[in-house]
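Hi,

Here is the model I promised to send over. Have a look at it first, and then read my notes underneath.

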Number of protein chains: 2
Amino acid sequence: MKQNLADKHRPVLDAAMHALHERTFFAHYPENPSPDIYGEQADREGRERYEAHLHRKFGELLQQDPEMWVGQEESPYEQQALGVQYPFFSPDTLVSRAEEAFHQWRKVRPADRAAILVESLERLRARFFEIAYATMHTTGQAYMMSFQASGPHAADRALEAIAAGLEEQTRFPEAAAWEKPMGKYSLKLNKTWKPVPKGVALVIGCATFPTWNTVPGMYASLVTGNPVIIKPHPKAVLPIAIVVAEVQRVLQEDGLNPNICQLAVDADDRLITKELAEHPQVKLIDYTGGTAFGNYIENLQGKTTFTEKTGVNSIILDSVEDLDKVAQNLAFSVTLYSGQMCTAPQNFFVPEGGIKVGGETVPYEEVVHKIADAVTALVNNPKAAPHILGAIQNTATMARVKDAAQLNGKEVLSTCDFQHPLFANARTCTPVIYEVDATDEESYSRELFGPIVLIIKTKDTSESVRIAKELAQRHGAISCGAYTTDPEVKEQIMDEMGLAGTPVSFNLTGGIYVNQNAGFSDFHVTGGNPAGNASFTNPEFVIKRFTWVGFREPAG
Amino acid sequence: MKQNLADKHRPVLDAAMHALHERTFFAHYPENPSPDIYGEQADREGRERYEAHLHRKFGELLQQDPEMWVGQEESPYEQQALGVQYPFFSPDTLVSRAEEAFHQWRKVRPADRAAILVESLERLRARFFEIAYATMHTTGQAYMMSFQASGPHAADRALEAIAAGLEEQTRFPEAAAWEKPMGKYSLKLNKTWKPVPKGVALVIGCATFPTWNTVPGMYASLVTGNPVIIKPHPKAVLPIAIVVAEVQRVLQEDGLNPNICQLAVDADDRLITKELAEHPQVKLIDYTGGTAFGNYIENLQGKTTFTEKTGVNSIILDSVEDLDKVAQNLAFSVTLYSGQMCTAPQNFFVPEGGIKVGGETVPYEEVVHKIADAVTALVNNPKAAPHILGAIQNTATMARVKDAAQLNGKEVLSTCDFQHPLFANARTCTPVIYEVDATDEESYSRELFGPIVLIIKTKDTSESVRIAKELAQRHGAISCGAYTTDPEVKEQIMDEMGLAGTPVSFNLTGGIYVNQNAGFSDFHVTGGNPAGNASFTNPEFVIKRFTWVGFREPAG
């Protein structure tokens with residue numbers, strides 16, 4: 001490969017590897033979509049480039065001889081088809097092309113692979129706004145989240161995976177002189193070790209975070225020498241198609257086979273995910289999505305899998321300093337993207353005796369009202385609400401909100417009607433809130449994906465913690481928020497939720513939310529409960545993608 | 001814990017962690033059973049201590065209230081019962097005691113756990129000879145192998161696992177101040193991370209290497225905070241019972257629950273392995289043994305497993321400098337412990353056109369004769385043979401050797417009779433050799449555990465490599481020996497066998513053998529083919545035993 005690419009990107013890779021160990025703040029791609037940073041025309045040009053894709057064939061991919069052109073995306077803001085068409089290839093074609101590309105890619109040195117992949121991210125930087133509009137009109141995310149999550153945050157998560165993969169592959173010496181003293185003489189061997197990639201990788205995307213949840217596995221498999229087939233959710237293809245196109249372009253410029261990274265799209269009448277996943281040549285699978293399909297993926301024989309499924313996230317309320325600030329923070333967390341984040345909280349545990357606020361006890365009912373009032377105030381704020389809520393990605397989520405009225409709960413907020421000021425036809429929904437009793441396990445023991453909050457009345461904080469832990473152990477959890485001013489209770493929560501493999505954010509108020517998750521610092525999903533078996537980006541996330549193999553020979 | 005233990009063992013842990021990265025020669029426990037090293041009386045005392053166990057209850061364990069006393073070991077050298085009896089506990093008792101001990105052990109800091117575990121190895125050092133005799137009379141290994149494999153080599157492998165586990169658990173900071181610039185202000189969080197152990201661990205041992213194959217998983221689970229239940233093969237309990245007893249003693253001296261490490265023994269009429277493995281509280285399983293049971297273990301739901309099953313190991317003969325030296329080296333490899341090593345070679349691939357020796361071509365038939373003659377010379381050498389062969393661990397292996405005559409092969413050496421000079425009643429067998437054709441896949445496509453060698457006539461070296469690779473990919477392989485003087489062929493073998501996750505030893509002659517495997521340098525089993533899903537000791541072997549969980553809170 002071109003030597004200048006390796007030299008050019010070494011500093012950012014070094015910084016990223018350093019950040020992985022420090023785990024202090026690090027971000028290579030600015031999350032602020034300001035013209036000062038990205039240029040005066042970036043937003044407008046990005047929107048125009050997005051619009052230019054509509055009702056056309058997506059012609060950027062370097063994958064030859066499509067069998068047909070397919071596409072089924074529609075905008076949650078406009079509830080009409082985007083009309084973008086993508087080339088369709090049968091699973092056998094995709095896998096055999098990947099297999100062929102494998103034997104070229106695996107021979108590229110890890111450091112050179114890393115440089116090529118960072119180059120692809122640098123190219124993407126110029127397309128963050130285009131990707132943002134593509135994300136808005138497939139996922140329903142609001143503009144700011146679309147920009148940040150699909151652009152800079154995703155690119156940083158990709159960089160994190162590249163850095164972790166490079167580090168793990170260069171962790172042991174390429175060669176060592178081994179000399180064993182045997183008394184009068186020595187046994188001398190020359191030894192070498194190779195990180196051997198496992199083979200064809202498949203990455204199965206989800207409809208809500210089409211780049212953020214896809215690029216970690218994609219770049220982790222690529223940096224470790226595996227060719228990748230990206231199979232996005234059929235309703236959210238465009239954002240990741242742009243990513244794949246940029247990777248292919250860099251590969252081709254470097255004289256490499258663009259099929260090292262392929263896009264695989266479902267046809268209307270032929271869903272190809274299972275065919276791909278079950279293909280004997282597919283060795284690695286990354287998956288984000290529902291639990292049932294995730295369990296199917298995890299149980300496939302002979303595959304190494306990395307899953308993020310669903311979880312039931314809890315908020316534990318014990319004692320706070322300022323209940324209004326807490327309520328505002330929580331209201332934002334459940335309103336953000338209308339609760340369609342895997343990190344969004346669902347179950348709020350409040351003791352029947354109320355909670356301590358400063359020195360005083362605030363009764364249970366008042367806590368419930370404070371939370372409901374904060375949500376109502378936020379969704380009624382016309383300057384804020386549309387930019388936080390976004391739209392609802394699919395109709396099943398709308399139906400789930402309606403069905404929540406059938407829960408054995410007491411309604412607190414039950415209507416989710418919201419008129420979007422910019423998109424008259426947008427599919428929207430503000431958070432609904434129901435109260436249920438701790439004894440009514442059936443109501444709260446599953447993920448209710450979307451803007452649905454359950455306030456669960458418990459005997460005391462110990463019961464809150466016990467239930468939150470058991471839910472995480474049985475049904476999975478990706479986040480937990482806890483509010484306590486008591487160091488012993490804090491210690492207890494850390495200990496119990498830690499055993500349930502669930503990260504805990506304590507006492508968040510102000511501009512930081514339990515939903516948020518920082519690259520290079522926060523491990524996203526732990527792999528330690530049924531919410532998923534992998535974590536962005538712990539060492540396991542990269543080392544399971546290759547095998548250390550040693551070779552030895554007597555020294556000269 | 002006692003501070004002096006942490007201080008005392010820090011230097012060896014540092015040296016071990018350093019060695020893991022350098023991968024040059026490192027051994028903390030001397031493999032030479034010389035009186036100069038271990039003391040004048042060590043051997044005699046060790047034998048006496050071993051003999052004192054016979055026909056008695058093994059009373060050293062600190063596990064309370066046994067339900068009965070059981071034991072079914074017998075010496076392959078004497079073919080009579082050892083009569084050692086061990087306390088029996090039902091699986092529920094073992095698991096509930098482990099669960100209780102878990103909540104104490106997990107709160108001991110990783111560095112303190114590591115120090116306690118190193119202390120147990122230091123205590124074992126004084127019992128290496130006793131363990132050696134216990135190993136001889138359960139496995140049938142010869143004296144030298146019994147000493148080295150079960151004593152110093154096993155202790156070094158245990159130390160390697162402790163060091164790897166300590167390093168991985170201290171790889172990320174315990175705490176970091178995270179500060180995100182937000183323009184006019186900063187978001188500040190205090191973050192902490194914990195490596196949370198997964199829970200009760202089970203280690204299932206094998207009959208041929210009762211400590212060497214057990215201690216890596218045992219110490220890896222312990223150092224990462226998991227309580228361990230050691231379930232040895234019922235025919236090889238004593239060597240590992242001594243190890244467990246020493247660990248328990250150190251734990252108790254340090255004020256900890258000895259049930260952090262328990263011995264679980266089968267009763268004659270109640271095999272408890274499956275009950276333990278399927279117990280919902282058992283989260284981690286290490287296994288060494290046959291493929292069918294290993295596959296069952298790997299497929300258990302909700303468990304993290306580490307397996308070493310069986311493999312079909314190949315020797316590829318292409319070109320050599322000195323055929324006699326090569327034949328002698330290979331003869332030793334197949335004779336050592338009568339082929340009862342997972343690393344012993346089975347299938348020797350020889351091209352029908354012969355191999356290059358120096359500048360000359362030596363015909364196929366002559367290569368076969370050289371190998372057979374070298375085996376015959378070795379087993380007929382009364383000074384060497386008994387000390388290399390040892391005895392046959394079980395009667396099934398004897399039957400397998402007899403059955404080899406039914407293969408569709410041409411017999412080269414077919415009798416395995418051998419009279420042991422010291423043990424008149426020893427169950428012994430020297431290597432048998434059969435020639436089969438490359439087209440006769442059925443004969444050579446499975447592990448024939450024991451002293452059975454197949455010489456497979458191929459068209460050429462390319463066919464040899466292709467078949468060796470396919471066998472490794474389909475049936476697993478733990479070692480491969482290759483002989484070639486051609487750099488291109490060497491590169492081809494490295495590439496192809498690397499893809500099959502199989503380490504290759506090239507051109508071994510003299511005092512180093514394909515069977516041998518050095519702690520801190522050679523990864524034992526790669527995890528990259530069906531011979532097993534784990535490797536001693538790559539990072540994956542330890543990090544899958546715990547979960548990284550993060551906690552965060554706004555900074556004051």
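Below is what I found in it, starting with the basics and then going on to the contacts.

Residues are numbered from 1 along each chain as its sequence is written, while chains are lettered from A and ligands numbered from 1 in the order in which they are written. Keep in mind that this is a predicted model: local features need pLDDT of at least 70, side-chain atom pairs count only at pLDDT 80 or more, and totals for chains, interfaces and linings use all residues.

On confidence, chain A has an average pLDDT (the predictor's confidence in each residue, from 0 to 100) of 97, and 99% of its residues score at least 70. The model's ipTM is 0.97 and its pTM is 0.97.

Now the two chains. A turn of 180 degrees with a shift of 0.0 Å along the axis lays chain B on chain A with an RMSD of 0.0 Å; the superposition is by least squares on the C-alpha atoms of residues with pLDDT of at least 70 in both copies. That is how a two-fold axis relates them. In chain B, the residue that comes closest to the rotation axis is B:Glu540, with its C-alpha at 3.3 Å.

Where they touch, 51 residues of chain B and 50 residues of chain A take part (contact means that the C-beta atoms, placed from the backbone, lie within 7 Å). β22(B) gives the largest share of chain B's side, eight residues (helices, H or I, of at least four residues and strands, E, of at least two are DSSP runs, numbered from the N terminus). By class, that side of chain B has 24 nonpolar, 16 polar and eleven charged residues; Ala, Val, Leu, Ile, Met, Phe, Trp, Tyr, Cys and Pro count as nonpolar, Asp, Glu, Lys and Arg as charged, and the others, Gly among them, as polar. The copies meet through the same surface, because 98% of the interface residues of chain B are also interface residues in chain A.

There is strand pairing across the chains too: β22 of chain A (residues 546–554) pairs with β21(B) in the parallel sense over two bridges (pairing needs at least two DSSP bridges between the strands). A:Arg552 has B:Ser505 as its bridge partner in β21(B).

Within chain A, the domain assignment (bounds from an automatic or database assignment) gives domain 1 (3–310 + 537–554) and domain 2 (314–506). Their C-alpha centres are 33 Å apart, and the contact takes 17 residues from domain 1 and 19 residues from domain 2.

Cheers

Terms used. Two residues are in contact if their C-beta atoms, placed from the backbone, lie within 7 Å.
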